[in-house]
Structure formats: C-alpha cells, structure tokens
Number of protein chains: 2
Amino acid sequence: MAPDDRKLTSRGQERRDELIQFAVTRFAEQGYHPTSVAEIVDGVGVGKGVFYWYFSSKEDLLREILSDGLLQIRRHQQAAIRDEPNPLHRIEKGVRASLEWLSDHTEVMLLFDFAWTEKTFAADLHKGLEISLEDTARHLREAMRAGLIPSGDAKTIAIAIRGTTEEVARVSAAGFGEVNVDAVVDMVMGGVLGPERGRDRLTVPRRTDPER
Amino acid sequence: MAPDDRKLTSRGQERRDELIQFAVTRFAEQGYHPTSVAEIVDGVGVGKGVFYWYFSSKEDLLREILSDGLLQIRRHQQAAIRDEPNPLHRIEKGVRASLEWLSDHTEVMLLFDFAWTEKTFAADLHKGLEISLEDTARHLREAMRAGLIPSGDAKTIAIAIRGTTEEVARVSAAGFGEVNVDAVVDMVMGGVLGPERGRDRLTVPRRTDPER
DNA sequence: TTGCCCATTGACCGTGCGGTCAAGAAACCC
DNA sequence: GGGTTTCTTGACCGCACGGTCAATGGGCAA
C-alpha cells in the first residue's frame, strides 16, 4: 500500500510529525544529501522500516516539507492582508507577515533555497514563485492606478520586494544579527515610490538614447 | 603530490579549465550531489584518474569554483565603482555591475545558493558576505553623512540591496524573463531615500510606543 | 636516443547509501 | 479471547559512489 493514502491513527500522525520535524532540523543543519535516512530514524529512535511506512522515499519527504511550507507561508500572508483595502498597506503587511513566518521557520527557508538548486525539486517551487510575484505585482498595479505611487515595472518591483524580504530573513538566520523590520519596510516603501523626487541627486544620469 | 601545488603545463591548464567548465554546467543543471565524478570525466571524455590529477576531491573542486567566483564578482564590482566620488553613484554602479556579472554567470550564482545550504561550504561564503555588506553599508553611511539620503539602518539597507540584486538575477535565470536593470536601480535608489516624503500615504501608522 | 616528468588510463576497492521485507508487537474492535 | 489493522523491527540487498593506483603514453630537452 502506498504510504500516501494510508490511514493514520493519532499515534501514527505523531510519529510522522516527529520524523518530519527531526528531518527538517538535520536537513537544514547539514544539508539534504549529507543527511541519511539511517541518521533520521536513529535520531528519532526507531527502526528504518518506520520511515518507509510513512514516506515512500527520502525525496518524497522533502517534497512534502516543501509543499507544506509553501502552503503555510501563503496562508500566513493571506491572513495578514485580509480586509486591508489600501494596496500599499497590503504590501507592507505582506512583507511583515513573510518576515514573521520566515523568522519562525528558518530551517524550511533553507530547504527552499536548497530546492531551487536541484532540478527535481525546483520544479515544485516554480508555480509558487509565479503566484507570489503576481500577487504582489497586482497590488502594485492597483496602487499605480490609484496614483499612490508612480507607474513602473510592477513585475521587477515585486521581485525586488521578494528579494529584500528573503535576504533579510536569510542573513539574519545565518547569524548576522536581528531583523530590523521597520527598516526593511522603509526600504521597500521607499523603493515602490521610486527615486523621482531627486533623480538628479540620486542616480547616475541615464542615456535616453542608448548607444546600443 | 598534492594536486594543489602541482606545476601545470599549458595543456594541463586547459584540461583543468575544461573539467571546471563542464562541472559548473552540470552542477548548476542537476545539482552538486546528483552529479557524479564519473559523469564529469565521461562528459569531458577522459579517464577518472584525470579528475584526481587536478583536484584532490569533488568537494575541493566546488570550493575552488566558489572562491573563484567570489573573487571575480568582487573584482568586477570594484572595477566598476573605481574613481566614482559620489557614494550613491557607487552604489548604483555596484548594483549594475553585480547584475551584469550574475547574468553572465548564472550557473555560478546557483552554486553560491547551493553552498549556503550545506554547512561545509557555507563557511566559505560567510566572510565574503560580511565584506560585501560592509562595503555597501560604508557607501550608505557616507551618503548619510553628506546629507544625500536620510539617516537610517545602513546594514539593513545593504542587505536589502543585495537581496534585490540577487533575486532579480535568480528569477531571471530561472526563466522568468529579462532583467529590467533601470527598474532595479530605481527601486534601490528609491529605497535608500526612504518613504519619508509621504509616510502617511505609504505606510501603515506605526506605534511609537509598542504594546509589547 | 635516451631520460624525464607531466598527463592519462580504467579496472578495482571499500563503503555507505536508499530501499525491502518477513516477522512480529501493539492497539483496537467485537 | 479472537481477529484485524496499524505500526515496528533490523538484517539484508544491490548498487553506485568517491577515491586509488600500477601501468602506460607522449612531448620535449639534451
């Protein structure tokens, strides 16, 4: 019988969770590949067969961790921006929610990063990325239409926001100090506003007619 | 004899480079662990011993790729901002240079990302990250002192800039369209300027005296 | 032509891995 | 208690991996 659609008792559920929890920790600590199934079951203190009772493979386990994490962070964001009519406030609250979740789940974040580096797993993340970017871009376009911020490349700005958020969480998780959430929000909100108010002072003069 | 301090003829150098080049491609394509040494030497069309003539281990090879990449990107940045007196223009040019290099070396970028997820390799990147952030933060603080931008958390802003730059390169490398460099620069420069000019309009009101 | 040394070969090795399975032990239901 | 299903055990398997090494090639200097 496939472990996927197996009926689990509450005891079974707990074992399963225990395995996931331990695996996440180890995967994040030393990496996915260097962590063997034997290590996981030893750590939990069970026989090897237990692992394959709950998961059809090591790969399957990681996949589950990833899709679970994806779901969780999205839910967390959605809950945070619900009922917020101002699109810019939605973006701010989304950033804060992401930082919150990522700070509370640094191991899973590391596993996302790993997953992007391996073809088999990266595929699982592609759609999630697309959706997440499109979400943010939609808020941005709405803010542009409302005249709250200048018009611009919503897609690129969305990518920048995501990059900022994740890098802050990453760097902080790597032990470079606590997150200054307000500073992050200031950076992001300043970014969406753009440099127009003082472009001459801020940026290198741009060619309007590029040489090539 | 250790492969490290071995004298290489020009033919030897070429072989070595050939191996590195092929390995980088494969590592980026399918991941470091799933790529076997056998696969690399087969791909290049040589016997297995050749690999261990030039590298002391597979791990050693990746380490070399990483430190090489680190050196290259830093050089590229430094060359771009040399002789630029305006600290904000240094930041802009640095961002453009990074995007340039990352776009030209997407495989290496992916390997950086992987390296962060595995303890053994992450250590190699820690110092580089620290230096890179401190560099940017220094420009920022100089700009603050000169009154070009409002005072703020230079470290956090530096992290945000790095995150933006790398995410844009990553997402574009993952096949989500071309990079809009000017839009990235606008976002970054707007970010360093901060949202002060319209905070009430832009951000959710902040508690000056937080509840907890 | 002889020697030398960089470069190459590929069969071989030991190990540790992911995964299997026949045999039970618990828990639960009637 | 008997019967059924969930859960657990750990020895075992096949294999592919990273790495070794004795033998050989080949370019070049003298």
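**Two chains on two DNA strands**

In this predicted model, a turn of 180° and a shift of 0.0 Å along the axis lay chain A on chain B with an RMSD of 0.0 Å. The superposition is by least squares on the C-alpha atoms of residues with pLDDT of at least 70 in both copies. The two copies are thus related as by a two-fold rotation axis. A:Gly191 is the residue of chain A that comes closest to this axis, at 2.0 Å for its C-alpha. Local features of the predicted model need pLDDT of at least 70, side-chain atom pairs count only at pLDDT 80 or more, and totals for chains, interfaces and linings use all residues. Residues are numbered from 1 along each chain as its sequence is written, while chains are lettered from A and ligands numbered from 1 in the order in which they are written.

Chain A has 10 helices and 0 strands. Helices are DSSP runs of H or I with at least four residues, strands are runs of E with at least two, and both are numbered from the N terminus. The radius of gyration of chain A is 21 Å, well over the 17 Å that the globule rule gives for 212 residues, so chain A is more spread out than a compact globule. That radius is taken over C-alpha atoms, and the rule is 2.2 Å times the number of residues to the power 0.38. Along the principal axes, the C-alpha atoms of chain A fill a box of roughly 65 × 40 × 35 Å. Of its 212 residues, 36% count as buried. Buried means 20 or more other C-beta atoms within 10 Å of the residue's own, exposed means 12 or fewer, and partly exposed lies in between, with C-beta atoms placed from the backbone.

Between the chains, 51 residues of chain A are in contact with 51 residues of chain B. Contact requires C-beta atoms, placed from the backbone, within 7 Å. On the side of chain A that touches chain B, α1, α5 (87–104), α6 (106–116), α8 (154–173), α9 (181–193) and α10 (199–202) each supply at least two residues. This side divides into 21 nonpolar, 15 polar and 15 charged residues. Ala, Val, Leu, Ile, Met, Phe, Trp, Tyr, Cys and Pro count as nonpolar; Asp, Glu, Lys and Arg count as charged; the others, Gly among them, count as polar. The copies meet through the same surface, because 100% of the interface residues of chain A are also interface residues in chain B.

The largest nonpolar core has 97 residues. Such a core is a set of buried Ala, Val, Leu, Ile, Met, Phe, Trp, Tyr and Cys residues joined through C-beta atoms within 7 Å. A:Leu111 and B:Leu111 have the most contacts inside it. Not counting residues up to four places away in sequence, B:Leu111 touches B:Val24, B:Phe27, B:Ala28, B:Leu62, B:Ile65 and B:Leu66.

A:Phe51 sits in helix α3 of chain A. It is buried, with 22 other C-beta atoms within 10 Å. Beyond its neighbours within four places in sequence, A:Phe51 contacts A:Leu19, A:Val37, A:Ile40 and A:Val41.

DNA strand C is surrounded by 21 residues, and the closest are A:Ser36, A:Gly49, B:Thr9, B:Gly12 and B:Gly49. A residue is near a strand if its C-beta atom, placed from the backbone, lies within 6 Å of it. The most residues near strand C, 4, come from α3(B). Around DNA strand D, also with 21 residues, A:Gly12, A:Val46, A:Gly49, B:Ser36 and B:Gly49 come nearest. Here α3(A) gives the largest share, 4 residues. The surface near strand D divides into 7 nonpolar, 7 polar and 7 charged residues.

Technical notes. Contact = placed C-beta atoms within 7 Å.
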